[in-house]
Amino acid sequence: MKYFFTHQAWFGISLLASLALFSSCDETKKDDPNPTDSLYKTGWQASDDPSTVPQSINLPDFNGSGANLPASVDLSPFLPPIGDQGQYGTCVAWAAAYNCKSAIEAIKFGLTSAQLQSPSSQMSAKYLFTALANDKKGENCNGTDFIPAMDVMLNQGVATKATVPYTNLGNCSQSSLNASWNADAAKHKIKYYRRIPPTVNDIKKALSEKIPVVLGAKLDDSFMSWNSESVYQFATSTAQVGIHSYHALCIVGYDNARGPRGAFKVVNSWGNQWGAGGFIWVDYTFMINGFGFASNPNTPNDKNFFVAVNDDQKPTVDPNPPAATGVDLAPWIDADYSDPSAGGPTFRKMEFNVYNIGTQPASASSKWGYAYIYYNAYNANDYGIVFYDNFDNTIGPYRTISDENLYPAEPPSPAYGGFTINCNIPADNDLASELFNDIGIVRTYPMPSSLNGEYYLVLAVDVTDKFTESEESNNLFYTTEQFPKFFSNGVGSRRNVFADHFKNALSKADAKSAKPNLYRTAVNPTHRNAYTPEEIIGFLKKEARSGRLAQQIAFARTNKSASKGTLKGIHAK
Amino acid sequence: MPNSRTGVLGLLIWSLTLFSCAAPSANQNAESGKDGFKVAYNQQKFSQADVFGILAANKGTGIFLAEFDQCTFTSNIRFGPLAHVFQSFAASCIFRNCTFEGDLEADMTFFQGQISFGKCRFKKNVNFQNAVFAGPAGFRECTFDGDAMFQNTVFWKENNWMGSHFYGVGLFQAARFMEKAQFGNVVFHANADFSLTRLEEGIAMEYARSEGRVDFTDARSMGLMSFRSSVLKQVNMSQIRSYGPVRFGQAEVADSIVKKGARFLGDLPEWPAKN
């Protein structure tokens, strides 16, 4: 019977649906036909704007093209038993919490299949859906979006099914939350969530790193009645399900040898009688071009593929840490402000210093450098170098500063975006003292006039990773504070406040502290999901290894359209 | 606006050349019959051609057959004006030795007449997903350089793919062949997918060759499935239900045929010697 419906009815459904839709070529939500009540509920509202979620930046390259990716990956052994959302529009909570979050915890803590049978190892979809603000979900447990759901896992965590079983959902109002649930949830947070570029290789890269991918999909009638192990590879009619039926699922594997073009293994939350034991194999091409849905029509290339990284509470300790060099560099910026008099409307001045709070000198012979970097708040692959100053003990007498073609990796041309310095920073000392015998350094620089959009600005020391430091998170200093800056043709401001100046509010004593402070990270209560310092440092290392960072540096330092900056000491008053 | 011999033909030509940079005129013929008009094009180039023009003209004029010989379609071709809206296409079309340099899009199209492609070359993808061929459908001795997408397509009358080469993937998932699916002498240079197909009169794949996987998972066949003298790499018949005979006589299948959950309810299957 099921077979009859699946295969014979497709044709009829196609015709009927098409005739019904013939007069409606504008697919707006207003003209959504009232779909027939289905055996299965969905629940993704498809109102997410994935372009506001930072894109993952640290997936391995796998030889760039992905040629070295494994032929197949299967994370389904790390899943709890197939779940069933029943007659509630809670699919987002099932995909994000029950399947994705349970799997990343199982992978992290090496849980066995037997352990995953226990509700204490399963994340509660009910908790996540109940914890959502009431205005972020439909009434009576009827649908939500990924971003608010991920934010709950980020800010509050998610309780286990042992604490909050999927029973007595009521109307899913947030008022049903109780303290014991929240206490359990706080033990199961995510550190951040990221958008995955909508390409087959990027999804495969995540899976090959044992990271399941949450997916927002547009459904059709054949999906609703799928009961085959063959590969789902095209959309049919939507007469049954409606033209706006959106669903949340979780991708847990792939196999290049599955189906005609290879396929992703996707877990659903409709029980194990649906699909192939609760799973469906989705064709690579169809996943990207048809099934995965772009919920923001203004950014059709941004689809809803998300990954989450576990907040392990206790940081992992590397059993074999690399030998530290004893150098520990920490930048410090007192002020950064617009100064058109220095050369034009995009010119700025930075008052800064670089401290070595380690036990060994940072020698110029190591040829290290610091860079002032901008990166897109939602895709750090879009980054550039404002200036890069490097150290070299061969350019002349000690304490020489040069802006002329002395960076060995570059063609002979004036160094517009950087200086080369012959100076060491002794242990427990700083660059301004050693180079100028002053209390600070003032550096003028032009911002790239082509910069438009929301960017973070960060001074990163040892950006080419010449020193193995025991603590690297203090290598960054953000001048954008709590918010990314909004740039228009290189001139920056806060989004709603035209405040272009940075003024350090901390005590200068904090400069020599290894502890985190508000300028060493972009993550803060208003931007909990911003790129973490670990991500940015890891990303810069990856860029350095690939040679792309050197290209960016060379571009900044040989950009003749920019005006030269200056580097001077600031005298003590 | 090109010249036209009749007002009716003018409408057709206008429809065609509305999207055409190189307007066909010298090598076209039109003749009227009791059922409508026949138009023919020889060695034409169509840029931005949209065959829906034939349909539009057909509605008002009764054109029933359009023939294209050695024509080249230099850009994407679409049967119909809108994507994902089902449309009807009344005219019969015969393409002989034609080259399609762009995609050929005809998903969700209902072809009332005969549609025949003989010795044609499709340099990009061909998309007939969810289409219905109420009349005969022919793709004989064609070359598909890109993907050939015929998922959920219904062939009500004879269908003929004999001697065709599929260099991209051949996608026939959930297609329904009301008459015998004629795939004799085809060559699948990549994978071919016949999963979930419904073969009302079976399939003839004699002397076929595959360099990739041929997948019949969950297919249903009510007639003879003949793979005689074929040379295939991998065949997956998991969950298949075959109510007719299955014949692999003198065929070579490099890997074992996967038969997990398969049921062969016709005569005793005849497997290749190796299996």
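Which strand pairs with strand E19 of chain B, and in what sense, parallel or antiparallel? I went to chain B for that before anything else. The model is a predicted one, and I read everything below with that in mind.

**Entry 1: the strands of chain B**

Strand E19 (residues 154-155) pairs with strand E23 (residues 176-177) of chain B, and the sense is parallel, over two bridges. I then looked for a residue pair and found that Phe155(B) has Phe177(B) in E23(B) as its bridge partner.

Next I asked what sheet this belongs to. I found an open sheet of nine strands in chain B, in the order E7-E11-E15-E19-E23-E27-E31-E35-E38, with parallel pairing. Its edges are strand E7 (87-89) and strand E38 (263-264) of chain B, each pairing on one side only.

**Entry 2: domains of chain B**

I looked up the domain assignment for chain B, which gives domain 1 as 1-147 and domain 2 as 161-275. Nine residues of domain 1 of chain B and ten residues of domain 2 of chain B make up the contact. I sorted the domain 1 side of chain B by class and got three nonpolar, two polar and four charged residues.

**Entry 3: chain A overall**

I moved on to chain A, which has twelve helices and 22 strands. Of its 573 residues, 48% are buried. I also checked how far apart in sequence the contacts reach: among those in chain A between residues at least 6 apart, 75% join residues at least 24 apart.

The domain assignment splits chain A into domain 1 (38-310) and domain 2 (329-570). I noted 39 Å between the C-alpha centres of the two domains of chain A. Their contact draws twelve residues from domain 1 of chain A and 14 residues from domain 2 of chain A. On the domain 1 side, helix H5 (146-155) and strand E2 (190-195) of chain A are the elements that give two or more residues. By class, that side of domain 1 of chain A has six nonpolar, five polar and one charged.

**Entry 4: two odd phi angles**

I went after positive phi values in residues other than glycine. Cys172(A) has one, about 60°. I placed Cys172(A) in the loop between H5 and helix H6 (179-185) of chain A. Is Cys172(A) buried or exposed? Cys172(A) has 23 C-beta neighbours inside 10 Å, so it counts as buried.

In chain B I found Tyr207(B), also not a glycine, with a positive phi of about 60°. Tyr207(B) is in the loop between strand E28 (203-204) and strand E29 (209-210) of chain B. I counted 19 other C-beta atoms within 10 Å of Tyr207(B); buried needs 20 or more, so Tyr207(B) is partly exposed.

**Entry 5: Phe234(A)**

My last stop was Phe234(A), in the loop between strand E4 (231-232) and strand E5 (246-255) of chain A. Phe234(A) is buried because it has 23 other C-beta atoms within 10 Å. I checked Phe223(A) too: it is eleven residues from Phe234(A) along the chain, and their C-alpha atoms are separated by 9.7 Å.

Which residues does Phe234(A) contact, leaving aside its neighbours within four places in sequence? In chain A, I listed Phe286(A) and Gly290(A). In chain B, I listed Gln129(B), Gln151(B), Asn152(B) and Gln173(B).

Technical notes:
Residues numbered from 1 in each chain as written. Chains lettered and ligands numbered in written order. Predicted model: local features only at pLDDT ≥ 70, side-chain atom pairs only at ≥ 80, totals over all residues. Domains from an automatic or database assignment. Contact = placed C-beta atoms within 7 Å. Helix = DSSP H or I, 4+ residues; strand = E, 2+ residues; numbered from the N terminus. Nonpolar A, V, L, I, M, F, W, Y, C, P; charged D, E, K, R; others polar. Buried ≥ 20, exposed ≤ 12 C-beta atoms within 10 Å, placed from the backbone. Pairing = 2+ DSSP bridges.
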